[in-house]
Amino acid sequence: MKKLDVPYKIYLDEKDIPNSWYNVRADMKNKPAPLIHPGTLQPMKFEELQPVFCDELIKQELNDTERYIAIPDEVLDFYKMYRPSPLTHAVFLEQLLDTPAHIFYKFEGNNTSGSHKLNSAIAQAYYAKKQGLKGVTTETGAGQWGTALSMACSYFKLDCKVFMVRVSYEQKPFRREVMKTYGATVTPSPSMETEAGRKINAEHPGTTGSLGCAISEAVECAVTHEGYRYELGSVLNQVLLHQSIIGLETKAACEKYGLKPDIIVGCAGGGSNLGGLISPFMGEKLRGEADYRIIAVEPASCPSFTRGKYVYDFCDTGKVCPMAKMYTLGHDFIPSANHAGGLRYHGMSPILSQLYHDGYMEAVSVEQTRVFDAAVQFARVEGILPAPESSHAIRVGIDEALKCKETGEAKTIIIGLTGTGYFDLKAYEQYNDGTMTDYIPTDEDLAKGFAKIPDVKVNF
């Protein structure tokens with residue numbers, strides 16, 4: 001195997017932390033379609049979004065032109081607690097696979113929240129505090145985002161109300177307790193505390209919930225409590241902007257040792273991790289400066305990219321949010337209770353949806369048991385127990401490395417390792433006991449979700 005003259009871990013210095021986020025929309029020829037008002041079917045205006053989001057975050061959400069947006073000093077100071085994160089050469093995984101490929105992973109789990117979500121959580125909490133709010137509301141799937149926002153709100157002394165997807169609330173009690181430790185209120189969703197939750201429970205008795213359900217409840221809670229705003233951990237443009245720090249650091253680490261990735265792989269649920277990892281590389285691709293093969297990996301049980309429709313749809317099950325043009329399985333689609341809780345969302349980021357639609361990236365879906373095959377393989381040689389979400393990217397990274405073994409090509413592969421799986425041991429227990437199963441929705445299952453998508457004809 002050809003050896004690379006790079007250290008096992010590529011560390012950047014504190015001074016190398018980017019001082020601006022990169023806005024990939026500035027380099028997109030075809031901009032992502034705007035959020036629209038479900039009543040007027042016109043693009044949402046700043047003042048229409050104000051009851052839901054913080055003012056500065058709305059400006060970031062609507063900004064399609066500025067390439068770089070400065071990171072506030074208070075956020076940079078917080079980043080220094082755990083950033084820059086390492087880019088690790090997966091030498092032992094390469095040896096196990098006996099592949100000529102060079103595999104690297106950008107590890108985002110080396111902070112107290114255990115995932116990349118803190119990159120955006122601290123920024124959103126900062127803007128809420130700057131605006132003088134009492135607190136924020138949010139949803140969380142597996143709990144990474146809820147944990148991160150709880151920590152950020154604790155830091156800025158803000159109240160935090162979290163609606164946690166019921167199946168994850170039950171599967172991951174320790175993640176729930178971490179949120180409570182940081183002072184958050186955690187409610188299983190759908191609940192009986194909101195009008196949206198009561199309606200969803202009536203229409204889907206016994207439901208295990210979904211991110212779409214939890215979003216509806218969190219937004220309703222925000223707009224009905226004075227001094228509160230809603231904050232989201234994925235999907236929105238503002239979130240991908242904040243997560244661009246992942247890709248900016250990855251690119252800086254590559255440049256430090258003259259590396260050029262051939263393939264970049266990330267898991268995709270709503271799009272925050274993948275969008276953040278690929279953004280500066282995608283920018284080069286959009287500007288014609290370089291080319292990369294970019295692969296989005298999603299669960300076969302919730303295949304919005306690979307089997308969804310690219311249309312306007314509600315961002316939430318209760319239809320209280322604006323509508324976005326995205327790859328969607330339908331706002332009424334309730335995914336199976338798989339263990340990749342953070343990927344159980346019916347839609348995909350408008351930015352990534354537009355890039356995928358325009359052919360700048362690929363997408364594949366993988367079954368749960370194959371994902372955990374890869375997770376265990378990785379854990380045994382690289383010493384990190386990966387989150388189920390991240391393990392989707394590991395699965396396809398391994399698949400691509402094995403293809404290199406067949407062809408003899410020494411391609412460089414970068415994998416987004418979004419976080420750790422130490423709160424996901426129930427899932428690992430099922431895998432180890434041989435009781436884990438796969439669920440792939442049939443065309444008939446998906447048709448039920450598609451049938452509820454509104455027929456939207458925009459005139460702008």
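**Buried strands, cores, cysteines and backbone geometry in a predicted model**

Ile69 is found in strand E3, which spans residues 68-70. The model analysed here is predicted. With a relative accessible area of 12%, Ile69 is buried, because this value falls under the 20% limit. Beyond its sequence neighbours up to four places away, Ile69 touches Ser20, Trp21, Gln60, Asn63 and Leu241. Ile69 and Pro386 are separated by 317 residues in sequence, and their C-alpha atoms lie 31 Å apart in space.

Tyr22 is placed in strand E2, formed by residues 20-22. Its relative accessibility of 2% means that Tyr22 counts as buried. When neighbours within four places in sequence are left aside, the contacts of Tyr22 comprise Asp27, Arg67, Tyr68, Leu241, Ser244, Leu248, Ser279, Pro280, Gly283 and Arg287. For Asp27, a polar contact of 2.6 Å joins its side chain to that of Tyr22. Leu241 appears in the contact list of Tyr22 and also in that of Ile69. The C-alpha atom of Tyr22 is separated by 33 Å from that of Ile334, a residue 312 positions away along the chain.

The analysis of nonpolar packing yields a largest core of 74 residues, in which Trp21, Tyr79, Phe305, Leu352 and Met361 touch the most other members. Helix H5, covering residues 118-130, gives the most to this core, with 8 residues. In soluble globular proteins, nonpolar side chains tend to be buried together. Tyr79 touches Trp21, Ile71, Asn119, Ile122, His242 and Ile245, residues up to four places away in sequence not being counted. Trp21, listed among the contacts of Tyr79, is likewise touched by Ile69. A second, separate core contains 32 residues, including Ala101, Ala375, Ile415 and Met436.

Thr187 is located in strand E8. This residue is buried, its relative accessible area being 8%. Apart from residues up to four places away in sequence, Thr187 touches Val162, Phe163, Met164, Tyr169 and Glu193. Strand E8 comprises residues 185-189 and is followed by a loop, leading to helix H9 (195-203), in which Pro190 is placed. The peptide bond from Ser189 to Pro190 is cis, with an omega near 5 degrees. A cis peptide bond is also found from Arg83 to Pro84, where omega is near -5 degrees. Pro84 belongs to the loop between helix H3 (73-79) and strand E4 (87-89).

Positive phi angles at non-glycine positions were examined next. Lys157, although not a glycine, has a positive phi of about 60 degrees. The residue occupies the loop between helix H6 (144-156) and strand E7 (159-165). Lys157 counts as exposed because its relative accessibility, 69%, is over the 50% limit. Lys319 is likewise not a glycine and has a positive phi of about 60 degrees. Its place is in the loop between strand E12 (309-314) and strand E13 (323-328). At 43% relative accessibility, Lys319 counts as partly exposed.

The structure holds 0 disulfides. For Cys153, the closest cysteine sulfur is that of Cys160, at 4.1 Å; this distance is too far for a bond, because a disulfide requires sulfur atoms within 2.5 Å. Cys221 is also in no disulfide, the nearest cysteine sulfur, again that of Cys160, being 10 Å away. Cys153 is buried, with a relative accessible area of 1%. Cys221 likewise counts as buried, at 7% relative accessibility.

A search of the whole structure identifies 3 cavities of 30 Å³ or more. The second largest cavity has a volume of about 120 Å³. This second largest cavity is lined by 13 residues, of which Phe53, Leu232, Leu236, Cys315 and Cys321 are the closest to its centre.

Note on methods:
Residues numbered from 1 in each chain as written. Predicted model: local features only at pLDDT ≥ 70, side-chain atom pairs only at ≥ 80, totals over all residues. Heavy atoms only, no water. Helix = DSSP H or I, 4+ residues; strand = E, 2+ residues; numbered from the N terminus. Buried < 20%, exposed > 50% of the residue type's maximum accessible area, 1.4 Å probe, protein only. Contact = heavy atoms within 4.5 Å. Polar contact = N/O pair within 3.5 Å; in protein donor to acceptor, adjacent residues only side chain to side chain. Core = buried A, V, L, I, M, F, W, Y, C linked by side-chain atoms within 4.5 Å. 1 Å grid on protein atoms, 1.4 Å probe; cavity = no way out; pocket = protein on both sides within 12 Å on 5 of 7 lines; lining within 4 Å. Points joined across faces, edges and corners; volume = space filled by probe spheres on them.
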